[in-house]
Amino acid sequence: MPEPQKPAAKGDKAAAAPADKKEKPASEEDAQPAGANSEPRDELPPDDHAPGEGPQTSELTGLFVERPESVTATKGKDITFVAKVDSSNLLRKPTMKWLKGKWLDLGSKAGKHLQFKETYDRNTKIYTYEMSIIKVVDGDAGGYRCEVTSKDKCDSCTFEVSVQAVQEDQQDNILEAFKRSGDAGEDAGELDFSALLKKREKKQQGPKEEVDVWEILKDARPCDYEKIAFQYGITDLRGMLKRLKKMKMESKKSDAFLSKLDSAYSVDKGKKIQLTVEVADPDVAVTWLKNGQEIKPSAKYVFESVGNKRTLTINKCNLSDDAAYECVIGEEKCFTEVFVKEPPVTITKLLDDVHTVVGEKVEFEVEVSEEGANVKWMKDGVELNRETAGSKYRFKKDGKRHILIINEATKEDVGMYYAFTNGGESKAELEVEDKELEVLQSIADLTVKSAEQAVFKCEVSDEKVTGKWFKDGVEVQASDRIKMTHIGRTHKLTIDDVKPSDAGDYTFVPDGYALSLSAKLNFLEIKIDYVPRQDPPKIHLDTSSTGNKNVITVVAGNKLRLDVEITGEPAPTVCWMKGDQVVAEDEGRVRVETRKTLSSFVIEGAEKADEGNYSITVNNPAGEDNVQLFIKIVDVPNPPENVKCTSVGEDCATITWDPPAFDGGVPIKGYLMERKKIGSSRWTKLNFDVYESNTYEAKKMIEGVLYEMRVFAVNGIGISQPSESSKPFMPIAPTSEPTRLTVDDVTDTTCALKWRPPEKIGAGGINGYIIEYCKEGSDQWVQANEVPVEKNQFRVKNLPAGEKMLFRVVAVNLAGRSPPATLSQAVTIREIMENPKIRLPRNLRTKLIKLVGEKVNLVIPFQGKPRPVVTWFKDDIPMDDKTVGTRTSEVDTILFIRSAERAHSGKYTLCVQIENMSDSADIHIQVVEKPGPPIAVRVTDVWGFNAALEWKPPKNDGNCEIIGYTIQKSDMKTKEWFTVYEHNRRPSCTVSDLVMGNEYSFRVFSENICGLSDEAGISKNTAVITKTGLEHNPSPFKEKDMSHSPKFTAPLVDRSVVAGYTTAISCAVRGNPKPKIIWMKNNMIIGEDPKFLIQNNQGVLTLNIRKPSQFDGGRYSCRAINDLGQAEVECKLEVRVAQEKGEEAKK
């Protein structure tokens, strides 16, 4: 990247320093009158005062705070231009255009060579626009312009780009510097010695006025062509001469076309364009060509023929229509080029930040302004595409939506992701955390009998997790009797036909997690002893594993199967009851299943209504047994309630909520929070570990953006449904403290304060200011204003006289109060004596001149305490003129006259007095009008073609000095007046150049500072110019002899040239008759040698030598011969080889 020549730009970006912001000095504000042309006092607009008093000023700034500067770029390097726009005073987002030349919009040329970037700083409200030129080429040189518009505001700036060759160190081997142009091999092209040229630093030059070199060349002499080309940097002299020759050729008028196509047309993509020519023959047929191929009529290309006009209409232009077009009539053609401008693609929906866990699928979605646009994805500065991304990333397009998909997120994917278009960019951050495995249902101990089935079942949060089963530390292998299944989040170990050897400790270990679930399998041996006697019934129910005796807890939605062993002889009858109702033995959701010695109580899909007291009663002839049970149904909790934002900060917010109305029968463990931006559909998790408190401070938020929150409750069973979203809230911060708090004025009961706005305001803005005061030594602050004031000044009233008071000011916005700005010292409340003084504006220190009928409005400020007594005098007499009004306030006095008359002229004296102290100022007013006409205008003498006039000054001089007269004459035949003299100072003049035989009348206007008089003084007599006899004797015409011998007007000049480069020597000769020209080398006439080309253009003689060698050096002479004589000039031509120059450079 080249260093720009301007010192203000550094690094890879050429940018101008921000424009200086100048504040108007206070002294100038005070001295500036309140308006000499303003309305009279009773018609003046009300003073814009604060609740206290005093006006305030506003500061104006431009749109650009940083402008791109002109630079010199190195060919093949990259260069970046930066422009910054302040949008704090704009109602909508500004629009930026980069242009080259007068009309070429560079936004349509965005691609690999031209790249555009736009960023926005929310804190400073500054848009930054960047234009990058990748690998600068010679064609990038020229003038550029950037324009920014926003509704009714606009601004623009221009800059230049010049391209220089890459600077290389002098090569040690001089032969390596010899190279040939072209790519056809070592013998192709011409020798190029540019590497041997000495590199020079370009001198810093100021801005130059743009000139048209070709206009200069067209008007220049041929002998000056080389000098002009060197001055303006034209190196291709042969190409310059060819182009100049074409420009000087008169264009042949077309017989077929009355008007041809313009040289170029420009059209926006998707619009239509019409190409129109006017032909001479209204019946002739035309052919339209595009890039040399004939165009056929279609819906896209429409041909029209109306009279002499032929029109080609191209509908819905696209990039393929950017081409060269021709209109052909017979052998004649006219050409044009059509440029299709493609509008830049902007991003209409920005990327959202994503917070996820390892293994989850991540999608970044962005929406652009146009379908089919190209979007470039990057991660941390590295481009992501289909070739380099592999199977990890997938790219999806759906109309205007572009989606980047990460199939399974890992910790390596953490970073900042960007989406770029040629008209904007967006970024989002991806945060990935390790995923924690949660056990939703653990395995339970089992007690089974021989030949029965044992089923261990557990449920984890991730359905993709696999695991292994162990028995007493040894991995369990599947067989016909032992089966292991994994369906969704549920893992099962099923053992059929249980044997005593199956008893032991069983453990499930998830793969990849430091977690294990264990349970015990107890084998129950049944021994049957024959007892010939009756046994009372017995209920064998063990509920010790539930933690609370005779209380069974069931998760809502799960199945409960309670197997109860019953013993007794004879077999007892079993009765299950819920409260007072008997549970039926049928196929219902709640049922009882009875086998020989086993009674099973089953609830399919437990519900909250199933909770209650249950009892089982068994009896036989030998007795009865009863057991009471309580079945507790637990579930996930209800959502939290009343989620709201209680306070906000610059990038944070405090959220509170109420616990759920129903905790699911299990204590609440904590809460999970999510947030999202308004307008977005993606919720971002704020925590992965449960948060126990009901108050949470959300951080890492963007100031000025609307958010909403929702909360989940978590208990031992699971996670609740999300709460209702909170009302939208915006993170904003209180402003910083006000600055420059000072005391402006103090009286015996009031104190006027002034301050400046806070340095840091933020997105919340300022609602107003609150002023507080307290006595020195006290901490009881009293608020002086009930409603915040918007002005930056305030007068605190009703203060105790003689007390020392402290004052402070705080700024208020939606986020609350700012830190206070406090006076460093206490202020004593007492009247301050100040001598009266008149601050007379500068324009009133000299005589004030007004026209009759104009308004006079003089505002004169003064100072003094207590309030001075103001008195006006005219010509040292107290003013008692009812047409002159006065109005006085505490700080100024106004003198106004609705319609000035000449009688109002005079000296006005203003006097301000406090007790025995006073001050006065004189104001001189002169009311003027146009003067009257001069009097006694007469012709005093007439001689030859002259007439003498005299007059007297006008009686009415308009109350000011007569500065001149305007004299006009009129021919009595035509009666038309013509001005002879203007601003004539004397009351007399002499009118010359009068026409013989005419009679003239004269009139005179008087003039003062108001202008010419409305009427003129007309001469009482006339001037008659009499005719006299005249005779003209012309001298005889003598033809001049133009013949002369040849003479060289420009000689040959000695030259030193490089071998291999075509050169020319020239001179100029004149003579009559036209002389014969002979060129000689070393006194040998140059004949028809094809190496030499001899030209004679209007006496300019040129000898062109094609690719001279060392043998072409010597003395060249040119001889001109005619009948009257001959002349000869000569020069020396030295041909240097490149090796000789290389040796001189080494020396």
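Biologist: How many helices and how many strands are there in the chain?
Modeller: The model is a predicted one. Its secondary structure consists of helices and strands in unequal numbers, and the count is six helices and 90 strands.

Biologist: What percentage of the residues count as buried?
Modeller: Buried here means under 20% relative accessible area. Among the 1147 residues of the chain, the share that meets this cut-off is 37%.

Biologist: What part of the exposed area do carbon and sulfur atoms supply?
Modeller: The chain exposes about 68000 Å². Of that area, the share from carbon and sulfur atoms is 48%.

Biologist: Among contacts with a separation of 6 or more, what percentage joins residues 24 or more positions apart?
Modeller: A contact requires heavy atoms within 4.5 Å. Taking the contacts in the chain with a separation of 6 or more, residues 24 or more positions apart account for 62%. One pair that is remote in sequence is Pro933 and Ile1018, which are 85 residues apart, with a C-alpha to C-alpha distance of 9.1 Å. The percentage asked for is 62%.

Biologist: How many disulfides does the structure hold, and why is Cys327 not bonded to Cys334?
Modeller: A disulfide is a covalent bond between the sulfur atoms of two cysteines. The cut-off for the sulfur pair is 2.5 Å, and the closest cysteine sulfur to that of Cys327 is in Cys334, too far for a bond at 4.6 Å. Cys1131 is likewise in no disulfide, its nearest cysteine sulfur being that of Cys1067 at 8.5 Å. The number of disulfides in the structure is zero.

Biologist: Is Cys1131 buried or exposed?
Modeller: The cut-off for buried is under 20% relative accessible area. Cys1131 has a relative accessible area of 0%, and Cys327 also has 0%. Cys1131 is therefore buried.

Biologist: What is the strand order in the open sheet that contains S59?
Modeller: Strand S56 (residues 751-756) pairs with S59 in the antiparallel sense over four bridges, one of them joining Lys754 to Gln793. S56 also pairs with S55, antiparallel and over five bridges, where Asp745 has Ala752 as its bridge partner. The open sheet of three strands has the order S55-S56-S59.

Biologist: Which strands stand at the edges of this sheet?
Modeller: A strand with a single partner strand has one side left without a neighbour in the sheet, and this holds for S55 (739-746) and for S59. The edge strands are therefore S55 and S59.

Biologist: Which residues cover the two faces of strand S59?
Modeller: S59 spans residues 793-796, and both of its faces are covered. Gln793 and Arg795 are buried on one side. On the other side, the buried residues are Phe794 and Val796.

Biologist: Is Arg145 buried or exposed, and which side chain does its own side chain contact?
Modeller: Arg145 lies in strand S9 (residues 142-150). Its relative accessibility is 18%, so Arg145 counts as buried. Its side chain makes a polar contact at 2.9 Å, and the partner is the side chain of Glu147.

Biologist: Where does Pro933 lie, and what is its relative accessible area?
Modeller: Pro933 is in the loop between strand S72 (917-928) and strand S73 (935-943). Leaving aside neighbours within four places in sequence, Pro933 is in contact with residues including Pro954, Ser1006 and Glu1015. Pro933 is partly exposed, and its relative accessible area is 26%.

Definitions and conventions:
Residues numbered from 1 in each chain as written. Predicted model: local features only at pLDDT ≥ 70, side-chain atom pairs only at ≥ 80, totals over all residues. Heavy atoms only, no water. Buried < 20%, exposed > 50% of the residue type's maximum accessible area, 1.4 Å probe, protein only. Areas by Shrake-Rupley, 256 points an atom, 1.4 Å probe, with all protein chains shown as cover. Pairing = 2+ DSSP bridges. Polar contact = N/O pair within 3.5 Å; in protein donor to acceptor, adjacent residues only side chain to side chain.
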